[in-house]
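Me: Could you take a close look at the nonpolar core of this protein for me? I'd like to see how the pieces around it fit into one picture.

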Amino acid sequence: MPRYTTDLDQLAREVEMAFYRASGPGGQHRNKVETAVRMVHPPSGITVRCAETRSQAENRQIALKRLAEKLAVLN
């Protein structure tokens, strides 16, 4: 039995999310809005970040998938 869940819905409830402004190119939208996501999974101590897109929702989903992949390796 895995120690950590890899279900994205359950992970979304377990993590602590912080949003911040991404740096680099991307125009005014990226520089004015907190679209980058940092997630900390307290039970495992794993931190993931995502700032690839200009959409906060897309970055959140990408970060959740990365976290699930890292937890799967840990399990």
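Reply: Happy to! A word on terms to begin with: two residues are in contact when heavy atoms of theirs lie within 4.5 Å. Please keep in mind that this is a predicted model.

Here is the setting. The protein chain has 3 helices and 3 strands, arranged along the sequence as α-β-α-β-β-α. Of its 75 residues, 28% are buried. If you take the contacts between residues at least 6 apart in sequence, 41% of them link residues at least 24 apart.

Now to the part you asked about. The largest nonpolar core holds 13 residues, and L11, M39, I46, V48, A63, L67 and L71 are those with the most contacts inside it. Strand 2 (36-41), strand 3 (46-50) and helix 3 (56-74) each give two or more residues to this core. Helix 3 supplies the largest share, with 5 residues. As general background, nonpolar side chains in soluble globular proteins tend to be buried together.

A63 makes a good place to zoom in. Leaving out residues up to four places away in sequence, A63 touches M39, V48 and C50.

Two of the core residues also meet T5, which sits in the segment before helix 1 (8-14). Beyond its neighbours within four places in sequence, T5 contacts Q10, L11, E14 and L71; L11 and L71 are among the core residues listed above. The T5 side chain also reaches the backbone nitrogen of D7, at 3.2 Å.

Finally, a look at the outside: the accessible surface of the protein chain is about 4,800 Å², and carbon and sulfur atoms account for 49% of that.

How values were computed
Residues are numbered from 1 along each chain as its sequence is written. This is a predicted model: local features need pLDDT of at least 70, side-chain atom pairs count only at pLDDT 80 or more; totals for chains, interfaces and linings use all residues. Side-chain values use heavy atoms; hydrogens and water are left out. A nonpolar core is a set of buried Ala, Val, Leu, Ile, Met, Phe, Trp, Tyr and Cys residues joined through side-chain atoms within 4.5 Å. Buried means under 20% relative accessible area, exposed over 50%, partly exposed in between (1.4 Å probe, protein chains only). Helices (H or I, at least four residues) and strands (E, at least two) are DSSP runs, numbered from the N terminus. A polar contact is a pair of N or O atoms within 3.5 Å; within protein, one must be able to donate a hydrogen and the other to accept it, and residues adjacent in sequence count only if both atoms are side-chain atoms. Accessible areas come from the Shrake-Rupley method with a 1.4 Å probe; for residues, only the protein chains shown count as cover.
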